[in-house]
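Work through the exercises below with the sequence and the model open side by side. Try each task before reading its solution.

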Amino acid sequence: MPMQASEIEDLIRASFPDAKITVEGNDGVHMAAMVVDESFRGMNRVQQQRAVYAALKGKMDGSNGELHALALTTRTPD
């Protein structure tokens, strides 16, 4: 079953409660997200993105994952 943008945001928000999160996409399978959070400071991009993927709690795992593709942008606040 495809995921809605609000479901993705809720999963990310649980791990990053103070983040600015934007999730876009309308097919429920191919989505884009931007996560801006202070906790990313000192992390490289790979570490930041791994942290966000971990927050998705397996929803992207393998061919049976509910979310097929997530274009992910992460950064620290300006």
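Strands, labelled E, are DSSP runs of at least two residues, numbered from the N terminus. By that definition, lysine 20 lies in strand E1. The model is a predicted one.

**Exercise 1. The overall fold**

Task: State how many helices and strands the protein has, and the pattern they follow along the sequence.

Solution.
- Step 1. Counting the elements gives two helices and three strands.
- Step 2. Reading along the sequence gives the pattern α-β-β-α-β.
- Step 3. The radius of gyration of the protein is 12 Å, close to the 12 Å that the globule rule gives for 78 residues, so the protein is as compact as a globular protein of that length.
- Step 4. The C-alpha trace spans about 35 × 20 × 20 Å along its principal axes.
- Step 5. Of the contacts with a separation of 6 or more, 58% are between residues 24 or more positions apart.

**Exercise 2. Surface and charge**

Task: Find what share of the residues is buried, and how many positive and negative side chains there are.

Solution.
- Step 1. Buried means under 20% relative accessible area. Of the 78 residues, 29% count as buried.
- Step 2. The accessible surface comes to about 4,800 Å², and carbon and sulfur atoms hold 49% of it.
- Step 3. The protein carries 8 positive and 11 negative side chains. The centres of these two sets lie 6 Å apart.

**Exercise 3. How the strands pair**

Task: Determine which strands are joined by bridges, and whether each pair runs parallel or antiparallel.

Solution.
- Step 1. Take E1 (residues 20-24) and E2 (residues 30-36). Five bridges join E1 to E2, and the two run antiparallel.
- Step 2. For a specific register, glutamate 24 has alanine 32 in E2 as its bridge partner.
- Step 3. The hairpin of E1 and E2 has five residues between the strands. In this hairpin, glycine 25 takes a positive phi near 130 degrees.
- Step 4. Now take E3 (residues 69-75). Seven bridges join E2 to E3, and this pair runs parallel.
- Step 5. Valine 35 has threonine 74 in E3 as its bridge partner.

**Exercise 4. The two faces of a strand**

Task: For E1 and E3, sort the side chains by the face to which they belong.

Solution.
- Step 1. In E1, Ile21 and Val23 form the covered face. Lys20, Thr22 and Glu24 form the uncovered one.
- Step 2. In E3 the side chains alternate. Leu70, Leu72 and Thr74 point to one face and are buried, while Ala69, Ala71, Thr73 and Arg75 point to the other and are not.
- Step 3. Check lysine 20 against its accessibility. Lysine 20 has a relative accessible area of 55% and is exposed.
- Step 4. Leaving aside neighbours within four places in sequence, lysine 20 is in contact with Met34, Val35 and Val36. The C-alpha atoms of lysine 20 and valine 36 are separated by 5.1 Å, although the two are 16 residues apart along the chain.

**Exercise 5. Two residues of helix H2**

Task: Decide whether glutamine 48 and valine 52 are buried or exposed, and list what each one touches.

Solution.
- Step 1. Glutamine 48 is found in helix H2, and so is valine 52.
- Step 2. Glutamine 48 is buried, at 5% relative accessible area. Valine 52 is buried too, at 0%.
- Step 3. Beyond four places in sequence, glutamine 48 is in contact with Phe40, Met43, Thr74 and Arg75.
- Step 4. With the same exclusion, valine 52 touches Ile12, Phe16, Val35, Phe40, Leu72 and Thr74.
- Step 5. Combine this with Exercise 4: Leu72 and Thr74 belong to the buried face of E3, and both touch valine 52.

**Exercise 6. An unusual backbone angle**

Task: Where is lysine 57, and what is the sign of its phi?

Solution.
- Step 1. Lysine 57 sits in the loop between helix H2 (45-55) and E3.
- Step 2. Most residues other than glycine have a negative phi.
- Step 3. Lysine 57 is not a glycine, yet its phi is positive, about 50 degrees.
- Step 4. The relative accessible area of lysine 57 is 56%, and the residue is exposed.

Notes
Residues are numbered from 1 along each chain as its sequence is written. This is a predicted model: local features need pLDDT of at least 70, side-chain atom pairs count only at pLDDT 80 or more; totals for chains, interfaces and linings use all residues. Side-chain values use heavy atoms; hydrogens and water are left out. Helices (H or I, at least four residues) and strands (E, at least two) are DSSP runs, numbered from the N terminus. The radius of gyration is taken over C-alpha atoms; the globule rule is 2.2 Å times the number of residues to the power 0.38. Buried means under 20% relative accessible area, exposed over 50%, partly exposed in between (1.4 Å probe, protein chains only). Contact means heavy atoms within 4.5 Å. Accessible areas come from the Shrake-Rupley method with a 1.4 Å probe; for residues, only the protein chains shown count as cover. Lys and Arg count as positive and Asp and Glu as negative; His and the chain ends are not counted. The place of a charge is taken as NZ of Lys, CZ of Arg, CG of Asp or CD of Glu. Two strands pair if DSSP finds at least two bridges between them.
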